[in-house]
Each structure stands twice: as structure tokens, then as C-alpha cells.
Amino acid sequence: MTLPVRKFDAVIVGAGGAGLRAAYELSKAGLKVACLSKVFPTRSHTVAAQGGVGAALGNMGEDHWHWHMYDTVKGSDWLGDQDAIEFMCRMAPEVVIELEHFGMPFDRNDNGTIYQRPFGGHTANFGEKPVQRSSCAADRTGHAMLHALYQRNVHSKTQFFVEWMALDIIRAPDGRVLGVTALEMETGDIVIFQGKATLFATGGGGRIFASSTNAFINMGDGVGMTARAGIPLEDMEFWQFHPTGVAGAGVLITEGVRGEGGYLLNKNGERFMERYAPTMKDLASRDVVSRAMATEIKEGRGCGPHGDYILLKLDHLGADVINKRLPGIRESAIKFANIDPVKEPIPVVPTCHYQMGGIPTNYHGEVIAPKGSDMSVVVPGFYAAGECGCASIHGANRLGTNSLTDLLVMGKSSALSMLDFIKAEGPKHAELPKDAGDMSLTRVAALDGKKGGASVDKTRSEIQRTMQAHCGVFRFPDMLVQGVEKIKACADSVANLEIGDKSKVFNTARIEALELQNLYEVARATMISAEARKETRGAHDRADHHQRDDVNWLKHTLWYKEGDRLEYKAVNLKPLSVETIPPKARVY
Ligand SMILES: Cc1cc2nc3c(=O)[nH]c(=O)nc-3n(C[C@H](O)[C@H](O)[C@H](O)COP(=O)(O)OP(=O)(O)OC[C@H]3O[C@@H](n4cnc5c(N)ncnc54)[C@H](O)[C@@H]3O)c2cc1C
């Protein structure tokens, strides 16, 4: 069957912060831009970002991009590539001011400049003391940002395809990427979106874990599609657990609460972070705080009848500060924990929050894959930005506020690379291979034809429970080995999913099954990469190898779907203009 083809200069999959920032840059330049999204653009997960966007504006005292860079390298536990980190930190002030000019309603200081709050791991003068670097709009920063960017796109005439799900990447025989196949949810029709350049901005896959702050749409689609297209995935073992998800519900309570002066308590009423991170205390980086909390709980100092959570106290900030700076948090705590934080502390636990790894790119947003011994060969026509991409800015652990910065910087940077590429391509589109739609048609036909297959719900929760139990905040060697077996054992079910409803119009069962096939690739890559890495670094904490091992493991993991093959590539320790920040012990 030949599929209908729609042609654009640029095809962008994803309408979160990264996709919208890129789409705007391209449509503003007069290009014909398609932007596909499973949900209405302003419902993308970026809308949930609370705490803010990091940039050394220096509005609240002296700050410098070089200090921001130092914090990011240290936060990454030296796994981040220092060229990409320098690029992001240098560009950050410019893209935040740009966003302000797009109409972003930032909180203000009395003198009219943007208000900035302190955030975990962000310091002045190379680790000396906390600095105020997070620009925010109360605790609804992502919401404000997404709306500002969406409106820009409407103005510049980006063509949105809302409630369309991209299914597979189309590659030419020489490997270049020519676009995607996509399914229209309203009709069930499948169409080819051909672009001279294609950008993935599909967000994270935090739903591989049973307890997650991520939206239900964060199923790792782009990452799964990339793996199926034969491109490796980078550093998938590194997942950030946010210290403060509401116990039981997983809903996020921003680190901004601790930035504004909130702190954590164990069942004895002790501010235990003073023991784990004497300088930064509750504002140490997220992996450090999450592990401290998990340790308190494990050693019997957790709170509540089962001793299984920690308390986040903020009532001492007073109702005025809470209502002005943290109104959404108050609402979430009342709704999801039945607690009013103006009066009582909120019960919290570490919850999966962010994927540091993803589709390998350079800081221009170009997707790179090894060819023989050359580890940085560009896949022509293919770009990735935002949480699904791995530039690698965040290395083994991301600092709070650095993802929104990454969306703006990498969204813009990848769009500028695409612009050059599209111009060089000239007016004509490449010829599509005859089998362009086959992989997607086969997958959908298999679902439609299947009788007596596996349940989508059961398979998904089996994967999520396995990831949570075998690959969480602390990782144990025997559990990881078992985890690999368990995840591999899910392959059969994933390949033989059955949906009861075979209709075409708004068939969400079919969508969920297709998403699950992507989620599975993400989970499998994670478990196998984690089992193989025999050290503790950033968010990857192994009980049997308790130290960071720079001699053997200062390198990025690359996982290939084919044969679960692993390769490794060197970390780039060379920044663009400043000196290398050499690895040292990471203490806060
Ligand atoms: C609760 C919460 C709070 C956070 N707070 C902060 C914060 O304060 N500061 C910070 O820096 N970071 C924060 N983060 C992290 C940050 O918000 C995310 O990393 C970032 O927003 C991801 O943006 P994105 O553009 O990459 O993807 P998303 O915003 O997740 O958007 C993904 C887009 O891809 C589309 N898509 C996905 N798959 C497909 C497909 N198959 N076909 C078509 N479209 C598809 C979706 O519809 C969506 O439009 C937070 C994260 C969470 C979960």
C-alpha cells in the first residue's frame, strides 16, 4: 500500500518547549514547517515545569556563565560533554531575555529585572555559596513559557498537526532521514510527513517507572523510534529521581520550595541534609538529596505509620510567600496529599523525574552515530533537542532549571543547523524509498490482526514494576541481573500485543499499544546499560561499586537495539573557550 505524502521543509515531532522553540526559529525564517503533537501543544509536559529556567543573568547579585558551567559539569558528575555545557551556559542569558521579549510573564524585582530564586547545585564562584539563578513565573514557569512560545508560532505560521502520533522514522538507503510516518488519531489514517530535515523533540520517557512525576504521554516515543531505526541510544542508565514527589501520588513538589527556604525532616524532626551535604544542605544536587532520603527511610527514620516517607516543611515561610511564590504547590499538596502546607509539612518521596540519556547529538542538535571507529558521524537530515536528546549537557545528573535552559538553547541551535541544511538541499525533496511506510503498516496490521495476544495494561505495568524494583535510586548487582532477564522476558508480550477494540476513529487502545512498543525500547536500553556500568556516578548508584571510577568508566554508553549491543565513547572534556574543569570528588 502506498501512503499519502505531505511535504514540508522541516518536520518537527513534538510541541513542548524544545519543539516550539525550534519550530518558531524555522517558520520565522519563512520555511514551511510541520509540528506534530500527540496532544494540544500547550498540554505538553513542559507545561508542568515549576521551578524555573537557569541562566547567569546576575539580577540578584554577581553571577557568571562560567560559574553556571562549573556547576553543570560538577552536577553531571563529569559525564557531561564540556563543549556542550559551555555552549548552553553561555547562550542561556541570551535565550532567556529573548523569551522575555516573546512575552513571557516572569516574576519581577522592584527594579523591574527578572526575579531569580536559588536552586539545587547552583553556586557562585565555583561552589562557594548558593546563588540565585533560576528565573521563574511563580511555580508555573513551564506553563508561561509554553504559552509564550505557542503564540509566537501561531504568529509565524507554523502548521500544527495536533493529535497526530509519529510512528516510525523513514531512512533512505544511504542512512539519511527523510521524515516520519504518522497516525491521525481522529481517523486512524497513516500519512508520510516528508521533510528535508526532521527534528525529534518528543520529550522524556519517565513512564518506564511505576512512580513518576511525568505526564502519561511521556512514553519515550522518539527514543523508541530512533532505536528501531538502527541508531544507538546514549547513557540510558541515568535517570533522575526528584527528591520531592508527593508520597503515594508521584506529583511533583518543586525544588523551588527548598529554594525559597523549605527543608526536609526525618521522623525525629531532624534536618538530616546537614549530615549529608554540610554546605548546600537541602539544596545539594538531586541525586545526593534523593539518596539521603532513601537512606533515612531504609535506616528506619522515615515518617508516617509505615516509615516510608520524608516531610517537607515550609509553613515557616508564611502564607504570603507561599501564596505569592508557590501557589501551585499549595494546590497540589491540598489536592494530592490532603495537606495544607501553610500549616503542615508535605509527605514526599524520591520519584522518577527526568532522563539524562537519549538520542545522541552534538551541541548543534545534529544526531550522531558511530561509523566504524569514528564516533561522531552525523546522520544527515536528523536532529534531536530537549529531553529526548543527549548532547550530553546533563551527563549523569541534571541540575534543576537546566532542562528548560536546554530546551531553549538546543531548540534554537538545532533549528539554526536545520536552516543551513535545508538551504543547502535546494527546492527539491529527495525521493522516498518504495518501502517508506512498511514498518509502520506492518506494526499496525499486526495489532489489528492479533487474537489471543498479550494485554497492553498488564505488559506495561510489568515493565514499570520491574524498572522500579530493579533499577531505582539504589541499584544492587543481583537485582540488575534479574532485571535484565525480566525485561527481556517482556519482549514476547510486546511483540504480540492484542487490542480488543479494532476500530479506527479515536482508538486510544491502539495508540497505547504503539506507545508501549516505544516505552519498551527505553526500558530495555536502561536496564541493560545500567547492569553493564560497574561504578557509581551521578544518578547511577551501585551497591557493589560504590565509587566513581574515572579510569574505567569516564565514558558514554551507547546501546543498540540489534543484539542489545553496547559500545562506549569518550566524554568530551574539552570546552570551547575555557579550560577543562578536571574531574574531582563531588561534595556539596
Ligand atoms: C512535573 C515536572 C516539573 C519540571 N520542572 C522543571 C523546572 O522547573 N525546570 C526545568 O528546567 N525542568 C523541569 N522539568 C523538566 C522539563 O520540564 C522537561 O525536561 C521538559 O519540559 C521537556 O520538554 P520537551 O520539549 O523535551 O518535551 P515535552 O514538553 O515533554 O513535549 C514532548 C512533545 O512531544 C510530543 N510527542 C511525543 N511523542 C510523540 C509522537 N510519537 N508523535 C507526535 N508527538 C509526540 C508530545 O505531544 C509533546 O508535544 C520538569 C519536569 C516535570 C515532569
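How far is a nitrogen atom of the ligand from an N or O atom in the side chain of Arg398? I looked that up first. The separation is 3.4 Å. I keep in mind that this is a predicted model.

**Ligand surroundings**

I listed the residues around the ligand next. There are 40 of them. The closest are Ser44, His45, Thr46, Gly51 and Glu387. I then went through individual polar atoms. Asp221 places a polar side-chain atom 2.9 Å from a nitrogen atom of the ligand. Leu404 uses its backbone: an N or O atom there lies 2.8 Å from an oxygen atom of the ligand.

**Helix 1 against helix 11**

I turned to helix packing. Helix 1 spans residues 17-28, and helix 11 spans residues 402-425. I find their axes 8 Å apart, at an angle of about 40°. An angle that is neither under 35 degrees nor in the perpendicular or antiparallel ranges counts as oblique, and the two helices are therefore oblique to each other. The crossing of helix 1 and helix 11 is right-handed.

I noted who touches whom. From helix 1 come Gly17, Ala18, Arg21, Ala22, Glu25 and Leu26. They meet Leu407, Leu408, Gly411, Lys412, Ala415, Leu416, Met418 and Leu419 in helix 11. By class, I get nine nonpolar, two polar and three charged residues in the contact of helix 1 with helix 11.

**Helix 1 against helix 4**

I repeated the look-up for helix 4, residues 141-156. Its axis and that of helix 1 come within 9 Å and cross at roughly 25°. That makes helix 1 roughly parallel to helix 4, as angles under 35 degrees count as such. The crossing of helix 1 and helix 4 is left-handed.

On the helix 1 side I see Gly17, Leu20, Arg21, Ala23, Tyr24, Ser27 and Lys28. On the helix 4 side I see Met145, Leu146, Leu149, Tyr150, Arg152, Asn153 and Ser156. The contact of helix 1 with helix 4 holds seven nonpolar, four polar and three charged residues. Gly17 and Arg21 appear in the helix 11 contact and in the helix 4 contact.

**Backbone checks**

I closed with backbone geometry. Which form does the peptide bond from Ala391 to Ser392 take, cis or trans? It is cis, with omega near -15°. Ser392 sits in the loop between strand 18 (389-390) and helix 11.

I also checked phi of Asp77. It is near 55°, a positive value in a residue other than glycine. I place Asp77 in the loop between helix 2 (65-75) and helix 3 (82-101).

Terms used: Residues numbered from 1 in each chain as written. Predicted model: local features only at pLDDT ≥ 70, side-chain atom pairs only at ≥ 80, totals over all residues. Heavy atoms only, no water. Axes fitted to C-alpha atoms, helices over the stretch in contact; angles between N-to-C directions. Helix = DSSP H or I, 4+ residues; strand = E, 2+ residues; numbered from the N terminus. Parallel < 35°, antiparallel > 145°, perpendicular 65-115°, else oblique. Left-handed = near helix turned anticlockwise from the far one by under 90°. Contact = heavy atoms within 4.5 Å. Nonpolar A, V, L, I, M, F, W, Y, C, P; charged D, E, K, R; others polar. Near = heavy atom within 4 Å. Polar contact = N/O pair within 3.5 Å; in protein donor to acceptor, adjacent residues only side chain to side chain.
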